[in-house]
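Q: Before a structure is used in modelling, its domain contacts and its pockets deserve a careful reading. Could we go through these features in turn?

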Amino acid sequence: MRVTDSETMDIVEMVLGGHVNKEIVSMITSFGGRAVGITGRDNHFIKAEKLLIDTPEQKGVDIGQVGTVADIDTRLVEGLVERGCIPVIAPIGVGQNGEAFNINADLVAGKLAEKLQAEKLLMMTNIPGVLDKEGKLLTTLTPSRIDELIEDGTLYGGMLPKIASAVEAAKSGVKATHIIDGRVPNALLLEVLTDDGVGSMILGEG
């Protein structure tokens, strides 16, 4: 998590909620889609609470306007989908006093998938998927297998927030979460529409 003071938060909102969001919306529109850019502050649909982190030296360190998801009101998203629009969501939440919080995008995606009880959650990254210690792609996993890979040190570092969101979604009713390499041409279609796929799929248990 990156430290985010109030000045930095203004920049985050300007970049993620403005420039990046509009660029993605424009790209979708250019391919014939209907997209609408929103942030979690719109209609306050992503409720956030301050995230405190533990360091080796101190517990509960305040790193500024960095948050976690407290709740998501899905009505705004569902309304856009019902109108045939693709919501493009910047991961900015709103606190109890109206202040903005910078939230990890994977966390927002996972929580939104849970609340919507989505059939699938697809996460695009810059690696092939979940890899074993030899660098081999693991194509089908369960939350319990992921726990084992974290325990033995196979999964660590920057991959953990994405994995944690994927596992939580799988445990909360999302039937399958896919982690795929967004650099691969047609990766989304290959993962969903072919038998073997191109990434890692985490199946819900139970």
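Q: How many salt bridges are counted between domain 1 and domain 2?
A: This is a predicted model, and the count between domain 1 and domain 2 is 1 salt bridge. A salt bridge here requires a side-chain nitrogen of Lys or Arg within 4 Å of a carboxyl oxygen of Asp or Glu. Lysine 115 and aspartate 71 form a salt bridge, with their closest N and O atoms 3.1 Å apart. The structure as a whole holds 8 salt bridges.

Q: Which elements hold aspartate 71 and lysine 115, and how far apart in sequence are the parts that the pair ties together?
A: Aspartate 71 belongs to strand 3 (residues 61-72) and lysine 115 to helix 3, so the pair ties together parts that are 44 residues apart in sequence.

Q: What are the bounds of the two domains, and how far apart are their C-alpha centres?
A: Such bounds come from an automatic or database domain assignment. For this chain, the assignment gives domain 1 (1-103) and domain 2 (105-205). Their C-alpha centres are 21 Å apart. To the contact, domain 1 contributes 11 residues and domain 2 contributes 7 residues.

Q: What area is buried between domain 1 and domain 2, and what share do carbon and sulfur atoms give?
A: About 840 Å² is buried between domain 1 and domain 2, and carbon and sulfur atoms give 84% of this area.

Q: How is empty space in a model to be read, and how much of it lies in the largest pocket?
A: The general idea is that rolling a probe the size of a water molecule over the atoms shows where empty space is left. In this model, the largest pocket holds about 1,300 Å³ of space. Its lining comprises 35 residues, and those closest to the pocket centre are Pro87, Val88, Ile89, Ala109 and Leu122. Elements that give two or more residues to this lining include helix 1 (6-30), strand 4 (86-90) and strand 7 (120-125). Helix 3 gives the most, with 7 residues.

Q: Why does the largest pocket lie between the two domains, and how do its lining residues divide by character?
A: Domain 1 and domain 2 both give residues to the lining, so the largest pocket lies between them. The lining residues divide into 28 nonpolar, 4 polar and 3 charged.

Q: Which residues lie nearest the centre of the second largest pocket, and what volume does this pocket have?
A: The second largest pocket holds about 290 Å³ of space. It is lined by 12 residues, with Arg2, Asn102, Ile103, Asn104 and Ala105 nearest its centre. Both helix 1 and strand 6 (100-103) supply at least two residues of this lining. Helix 1 gives the most, with 3 residues. By character, the lining of the second largest pocket divides into 7 nonpolar, 4 polar and 1 charged.

Notes. Residues numbered from 1 in each chain as written. Predicted model: local features only at pLDDT ≥ 70, side-chain atom pairs only at ≥ 80, totals over all residues. Heavy atoms only, no water. 1 Å grid on protein atoms, 1.4 Å probe; cavity = no way out; pocket = protein on both sides within 12 Å on 5 of 7 lines; lining within 4 Å. Points joined across faces, edges and corners; volume = space filled by probe spheres on them. Helix = DSSP H or I, 4+ residues; strand = E, 2+ residues; numbered from the N terminus. Nonpolar A, V, L, I, M, F, W, Y, C, P; charged D, E, K, R; others polar. Contact = heavy atoms within 4.5 Å. Buried area = accessible area lost by both parts, 1.4 Å probe.
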